[in-house]
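User: Could you walk me through this structure and explain how each label is earned? I am new to this, so please show the reasoning.

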Amino acid sequence: EFVRLTNLSQRANGKPGKKNEQPNPNQMSYGDAAKVTMVCTTVLWAKFLATLLTQGSKGFATGNRPPEDAKGGNDQNYGMTERMVSDSAKESEIRWKRIVQNDTENIPLGLVVMWGAL
């Protein structure tokens, strides 16, 4: 019984259980899985960085940045004073803030699950 269970365990792990049996070529090795996880982590990090940069730039159009971020005569005051700002600029800034919030909630958890599965 023990020998049969050992053979089943070896087959499940991709190791040949009998002399004629070959390992499953479709099974991913630990090294391959680690490489894929590293690439996915890098892609998610780059995507998050691009999202942050885009969201940060949207605040300039609405004046919602701190005063020290003012550039090119565009007053920034956390959006505390009334100024003529288009509705589409406000909507765009709110949308990108929500996108960043979503990434902040989901990407870390996804990375923990991905790395934990190795």
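**How the labels are earned**

Analyst: Happy to! Leu118 is a good place to begin: Leu118 sits in the segment after helix H3 (87-116). Please keep in mind that this is a predicted model.

User: Why is Leu118 called partly exposed?

Analyst: Its relative accessible area is 32%. Buried means under 20% and exposed means over 50%, with partly exposed in between, so at 32% Leu118 is partly exposed.

User: What makes the nonpolar surface patch?

Analyst: Tyr30, Met38, Trp115 and Leu118 make it, and the patch covers about 420 Å². A patch residue needs over 30% relative accessible area, and Leu118 has 32%.

User: Which elements does the chain have?

Analyst: There are three helices and zero strands, so the order from the N terminus is written α-α-α. Buried residues account for 19% of the 118 residues. The accessible surface of the chain is about 9000 Å², and 59% of that belongs to carbon and sulfur atoms.

User: How do you know that Thr37 is buried or exposed?

Analyst: Thr37 is in helix H2 (residues 30-62). The cut-off for buried is under 20%; Thr37 has a relative accessible area of 6%, so Thr37 is buried. Setting aside residues up to four places away in sequence, Thr37 touches Met114, Trp115 and Leu118.

User: What makes Thr51 count as buried?

Analyst: Thr51 also belongs to helix H2. Its relative accessible area is 6%, so Thr51 is buried by the rule of under 20%. Beyond its neighbours within four places in sequence, Thr51 contacts Trp96, Ile99, Val100 and Asp103.

User: And why is Thr104 called partly exposed?

Analyst: Thr104 lies in helix H3. Its relative accessibility is 45%, and the range for partly exposed lies between 20% and 50%, so Thr104 counts as partly exposed. Thr104 and Phe48 are 56 residues apart in sequence, with their C-alpha atoms 8.4 Å apart in space.

User: How many salt bridges are there, and what makes a pair count as one?

Analyst: The count is two. The rule asks for a side-chain nitrogen of Lys or Arg within 4 Å of a carboxyl oxygen of Asp or Glu. For Lys47 and Asp103 the N to O distance is 2.7 Å, so this pair counts as a salt bridge. Lys47 lies in helix H2 and Asp103 in helix H3, so the pair ties together parts that are 56 residues apart in sequence. Lys47 is partly exposed at 37% relative accessible area, whereas Asp103 counts as buried at 7%.

User: Why is the pair of Glu93 and Lys97 called a salt bridge?

Analyst: Their closest N and O atoms are 3.5 Å apart, and the limit is 4 Å, so the pair counts as a salt bridge. Both residues lie in helix H3, four residues apart, which is about one turn of the helix. Glu93 is buried, with a relative accessible area of 5%, while Lys97 is partly exposed at 41%.

User: What lies over the face of Trp96?

Analyst: Arg95 does, at 6.0 Å from the ring centre.

User: How many aromatic pairs are found in the whole structure?

Analyst: The search finds zero. To count as a pair, rings need their centres within 6.5 Å.

Definitions and conventions: Residues are numbered from 1 along each chain as its sequence is written. This is a predicted model: local features need pLDDT of at least 70, side-chain atom pairs count only at pLDDT 80 or more; totals for chains, interfaces and linings use all residues. Side-chain values use heavy atoms; hydrogens and water are left out. Patches are made of residues with over 30% relative accessible area and no salt bridge: like charges are joined within 9 Å, nonpolar side chains (Val, Leu, Ile, Met, Phe, Trp, Tyr) within 5 Å. Accessible areas come from the Shrake-Rupley method with a 1.4 Å probe; for residues, only the protein chains shown count as cover. Helices (H or I, at least four residues) and strands (E, at least two) are DSSP runs, numbered from the N terminus. Buried means under 20% relative accessible area, exposed over 50%, partly exposed in between (1.4 Å probe, protein chains only). Rings of Phe, Tyr and Trp (its six-membered ring) pair if their centres lie within 6.5 Å; planes under 30 degrees apart count as stacked, over 60 as edge-to-face and the rest as tilted. A charge sits over a ring if NZ of Lys or CZ of Arg is within 6 Å of the ring centre and within 35 degrees of the ring normal. Contact means heavy atoms within 4.5 Å.
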